[in-house]
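Q: Could you take a close look at one part of this model for me? I would like to understand the disulfide and what surrounds it in the fold.

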Amino acid sequence: VQLQASGGGLVQAGGSLRLSCEASGRIFNINIMGWYRQAPGKQRELVAIVSGGGTTTYLDSVKGRFTVSRDNAKNTITLQMNSLKPEDTAVYSCNANGIITPTKRYPEVWGQGTEVTVSS
């Protein structure tokens with residue numbers, strides 16, 4: 001199982017970006033999918049997660065600006081980021097937790113990071 005992320009880039013403050021991540025492989029179920037970020041010199045933090053049933057959790061500072069969604073049939077997760085601020089600048093990584101395939105269970109899989117830079 002691999003996670004492939006896309007959609008990062010450079011945007012001015014107030015702009016929008018959309019991140020996408022797809023889990024590849026033959027997958028029966030993924031418990032939780034989410035996005036995390038790590039800014040230079042800071043610890044990685046949870047940005048948004050969504051359960052298979054659609055329950056979402058957000059970092060307080062992104063509530064009302066970011067929207068996370070997932071397509072269980074396609075094993076994809078999307079993060080729509082609006083009203084971006086310079087403090088949102090970070091490397092964003094997607095995560096899948098509790099993956100069940102026909103042959104194996106994966107506790108956790110990380111995708112490669114995608115860089116988001118918000119200029120002031």
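A: Here is a walk through the disulfide, followed by the aromatic pair and the chain as a whole. Please keep in mind that this is a predicted model.

Let's start with the link itself. A search of the whole structure finds one disulfide, and its partners are Cys21 and Cys94, with sulfur atoms 2.1 Å apart. That separation is within the 2.5 Å cut-off for sulfur atoms. The torsion about the S-S bond is 50°, which gives the link of Cys21 and Cys94 a right-handed sense. Cys21 belongs to strand β3 (residues 17–24) and Cys94 to strand β9 (residues 90–100), so the bond ties together parts of the chain that are 73 residues apart in sequence.

Are the two cysteines buried or exposed? Cys21 has a relative accessibility of 2% and counts as buried. Cys94 is buried as well, at 1%. Both assignments follow because buried means under 20% relative accessible area.

A second link between strands comes from ring contacts. The whole structure contains one aromatic pair by the same kind of search. Its members are Tyr36 and Trp110, whose ring centres lie 5.0 Å apart with planes at 65°, so the arrangement is edge-to-face. Here, too, distant parts of the chain are linked: Tyr36 sits in strand β4 (residues 29–38) and Trp110 in strand β10 (residues 105–110), 74 residues apart.

Trp110 has another neighbour for you to look at. Arg44 lies over the face of the Trp110 ring, 3.9 Å from the ring centre. Trp110 itself is partly exposed, with a relative accessible area of 30%, whereas Cys21 is buried and Cys94 is buried.

Now for the setting of these contacts. The chain has zero helices and eleven strands. Contacts between residues at least 6 apart in sequence include 55% that join residues at least 24 apart. Buried residues, Cys21 and Cys94 among them, make up 41% of the 120 residues.

As for overall dimensions, the radius of gyration is 14 Å, which agrees with the value near 14 Å for a compact globule of 120 residues. Along the principal axes, the C-alpha atoms fill a box of roughly 50 × 25 × 20 Å. The chain exposes about 6,500 Å², and carbon and sulfur atoms supply 46% of that area.

Conventions
Residues are numbered from 1 along each chain as its sequence is written. This is a predicted model: local features need pLDDT of at least 70, side-chain atom pairs count only at pLDDT 80 or more; totals for chains, interfaces and linings use all residues. Side-chain values use heavy atoms; hydrogens and water are left out. Rings of Phe, Tyr and Trp (its six-membered ring) pair if their centres lie within 6.5 Å; planes under 30 degrees apart count as stacked, over 60 as edge-to-face and the rest as tilted. Helices (H or I, at least four residues) and strands (E, at least two) are DSSP runs, numbered from the N terminus. Buried means under 20% relative accessible area, exposed over 50%, partly exposed in between (1.4 Å probe, protein chains only). A charge sits over a ring if NZ of Lys or CZ of Arg is within 6 Å of the ring centre and within 35 degrees of the ring normal. The radius of gyration is taken over C-alpha atoms; the globule rule is 2.2 Å times the number of residues to the power 0.38. Contact means heavy atoms within 4.5 Å. Accessible areas come from the Shrake-Rupley method with a 1.4 Å probe; for residues, only the protein chains shown count as cover.
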